[in-house]
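The following exercises are to be worked through with the sequence and the structure at hand. Each task is followed by a solution in steps.

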Amino acid sequence: MFSHLHPQFHKGRILKREMLENLRDYPRHFVDLHFQMYSDGIISGMDVTVDDRHLIVGKGIVKHRGRVYLFEREERLPYTATGHETVLKIRFAEQATLTDFFSYETSYVLDPETTIGEDERELGRFKLKEGAKLRADYPYFLDLTTEYNTWIFAHAEHAGYEQPTLAPAILRYFSYELLKTGTTNAYDLAFAMQGINAERVERNLILHYISSRLGSNHRPGSPLQMVKCLGRILEEAKNGEKPRQEWRASGRQRVIVD
């Protein structure tokens with residue numbers, strides 16, 4: 001039997017432990033149940049903007065090792081030009097036991113090590129040349145993957161249903177650009193509407209769309225490979241190329257000859 005309990009606080013009544021536990025546990029239980037089928041990754045927010053000296057990390061929600069973390073304030077991190085790839089990571093510390101709490105600390109780090117450890121989660125990366133300016137504006141879709149002097153967030157994993165997926169911002173950008181080409185392909189239109197309207201597009205749907213448009217041999221593994229495949233589809237749509245179709249060995253074929 002299930003019940004919904006809401007504590008009542010009246011003047012003169014004894015404040016009971018169970019009442020305080022109800023207030024403590026209900027929000028946490030709600031969050032855990034709501035996101036229980038999500039994979040690890042960025043659930044919401046964590047957008048990074050760039051100025052001349054700092055990376056500004058916005059507020060957001062991240063799931064890591066099944067635990068949901070709320071990042072409730074904006075953080076500014078100074079960066080420098082090294083000419084080498086630098087990765088912005090969230091680093092998760094081991095559980096610490098305090099007098100009244102279990103503590104799970106996190107920190108932002110700018111790390112030249114591009115491998116993502118088990119206690120880390122990537123927000124983006126860049127490779128800035130000396131004297132150049134780091135930018136986070138993208139005049140065309142595949143500029144999202146430009147190697148030098150560009151903030152690249154295509155590697156960041158966003159939480160999806162049981163497995164991580166691409167950032168919603170990437171899929172919205174792709175979808176709007178795809179519609180601008182005037183494509184009438186049913187796959188393109190359906191995927192674009194999903195990319196614009198949905199809170200997130202699941203990884204399996206992205207892979208199915210890519211293989212349908214480029215051929216079944218295209219099965220990208222990493223987020224960056226998926227972005228490059230989407231860029232190829234966009235270029236084909238801009239050039240007016242018809243979607244690829246596979247020949248089927250079975251089934252009757254009809255040829256009309258004048």
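**Exercise 1: Helix α4 and its surroundings**

In this predicted model, Gly-215 follows helix α4 and has a positive phi, near 110°.

Task: Determine how the span of α4 relates to the expected value, and establish whether the helix is largely enclosed or not.

Solution.

Step 1. Helix α4 comprises residues 203-214, twelve residues in total. From its first C-alpha to its last it reaches 16 Å, close to the 16 Å expected at 1.5 Å a residue.

Step 2. A residue counts as buried under 20% relative accessible area. The buried residues of α4 are Arg-203, Ile-206, Leu-207, Tyr-209, Ile-210, Ser-211, Ser-212, Arg-213 and Leu-214.

Step 3. Because nine of its twelve residues are buried, α4 is largely enclosed by the rest of the structure.

Step 4. The packing partners of these buried residues are α2 (168-180), α3 (186-197) and α5 (223-238).

**Exercise 2: The sheet around β7**

Task: Identify the strands that pair with β7, derive the strand order, and explain why one side of β10 and of β11 lacks a neighbour in the sheet.

Solution.

Step 1. Strand β7 spans residues 85-92 and is mostly covered, with six of its eight residues buried.

Step 2. Towards β11 (residues 120-127), β7 forms seven bridges, and the two strands run antiparallel. Within this pair, Leu-88 stands opposite Gly-124, and Arg-91 is opposite Glu-120.

Step 3. Towards β10 (residues 106-111), β7 forms six bridges, again with an antiparallel run. Here the bridge partner of Leu-88 is Leu-110. Leu-88 is thus flanked by Gly-124 in β11 and by Leu-110 in β10.

Step 4. The resulting order is β10-β7-β11, an open sheet of three strands with antiparallel pairing. Since β10 and β11 stand at the edges, each with a single partner strand, one side of each is left without a neighbour in the sheet. From one strand to the next, the twist averages 15°.

**Exercise 3: Confidence of the model**

Task: State the average pLDDT of the protein, and decide where the coordinates call for caution.

Solution.

Step 1. The average pLDDT of the protein is 86, and 85% of the residues score at least 70.

Step 2. Over residues 245-251, by contrast, the pLDDT is below 50. Beyond near neighbours in sequence, this stretch has three contacts in the model.

Step 3. Where pLDDT is low, predicted coordinates should not be read in detail.

Key:
Residues numbered from 1 in each chain as written. Predicted model: local features only at pLDDT ≥ 70, side-chain atom pairs only at ≥ 80, totals over all residues. Heavy atoms only, no water. pLDDT = per-residue confidence, 0-100. Contact = heavy atoms within 4.5 Å. Buried < 20%, exposed > 50% of the residue type's maximum accessible area, 1.4 Å probe, protein only. Helix = DSSP H or I, 4+ residues; strand = E, 2+ residues; numbered from the N terminus. Pairing = 2+ DSSP bridges. Axes fitted to C-alpha atoms, helices over the stretch in contact; angles between N-to-C directions. Expected span 1.5 Å × (residues − 1).
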